[in-house]
Amino acid sequence: MIPSNWWESRFKSQALDTEEALLSCMAYVDLNPIRAAMAETPETSEHTSIKERIHPTFDLAGAIARQTEQQALNEFSVPLKPLLGFEGVIRNGFQRGILFSFEDYLELVDCTGRISRSDKRGCIDESALPILERLNLDPERWCHRATAFEDSYQDYRNPGRRRQAA
């Protein structure tokens, strides 16, 4: 029998009040299946937000409807919220997403996942292609977009005008 306070000592609430804290927590959670040797790469790890971001398949509204139909859920009165998106650039006005690009996050997780730890069973194989290549994202094109953002994407100061794509 598990003591009633076992879970209390294992899980803590922690404020993630900086971008670094948020990204490090996200990477930690997304790499759990790798560290536990349950998956070889982030894009093949089950039940993680990184896999859902790469290959979206989960239908939140449908899952809630099925749970309600099965009477496993009496009511769901809060608004549905998908995974928070990546913005990739700081701009004037309200920011709705994570101030980091998705491609940079993928590289961060890939690089971190390759670090072998003696206290963990798994890591991303050093001989595996970089994640941008595994996902068929052209690193040169991405590098240009990341360094010439204003030339590659919509002008956020004038949302009605679009600049030429890279």
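Visitor: How far apart are the end C-alpha atoms of helix H2 (residues 19-35)?

Guide: Happy to start there: this is a predicted model, in which local features need pLDDT of at least 70 and side-chain atom pairs count only at pLDDT 80 or more, while totals for chains, interfaces and linings use all residues. Residues are numbered from 1 along each chain as its sequence is written, and side-chain values use heavy atoms, leaving out hydrogens and water. The expected span of a helix is 1.5 Å times one less than its number of residues, so the 17 residues of H2 should span 24 Å. That agrees with the separation of its end C-alpha atoms, 23 Å.

Visitor: Which residue in H2 carries a kink?

Guide: The bend at a residue is the angle between axes fitted to the seven residues ending there and the seven starting there. In H2 a kink of about 30° comes shortly before proline 33, at valine 29.

Visitor: What phi does alanine 37 take, just after H2?

Guide: Let's step past the end of the helix. The phi of alanine 37 is positive, at about 60°.

Visitor: Which helices help to cover the buried residues of H2?

Guide: Buried means under 20% relative accessible area, exposed over 50% and partly exposed in between, with a 1.4 Å probe and protein chains only. In H2 the buried residues include Leu23, Met26, Ala27, Asp30, Leu31 and Ile34. An α-helix has 3.6 residues a turn, so residues three or four places apart point the same way. The cover over the buried residues of H2 includes helices H3 (49-54) and H5 (102-113).

Visitor: How many helices does the protein have?

Guide: Helices are DSSP runs of H or I with at least four residues, and strands are runs of E with at least two, numbered from the N terminus. From that end the elements read α-α-α-α-α-α-α-α. With zero strands, the secondary structure comes to eight helices.

Visitor: What share of the protein's residues is buried?

Guide: Here we look at the whole protein, which has 166 residues. Buried residues make up 27%.

Visitor: Which residues does alanine 128 touch, beyond those up to four places away in sequence?

Guide: Alanine 128 sits in the loop between H5 and helix H6 (131-134), and its relative accessible area of 23% makes it partly exposed. Its C-alpha atom is 8.8 Å from that of threonine 41, 87 residues away along the chain. Contact means heavy atoms within 4.5 Å. Leaving out residues up to four places away in sequence, alanine 128 touches Arg114 and Arg134.
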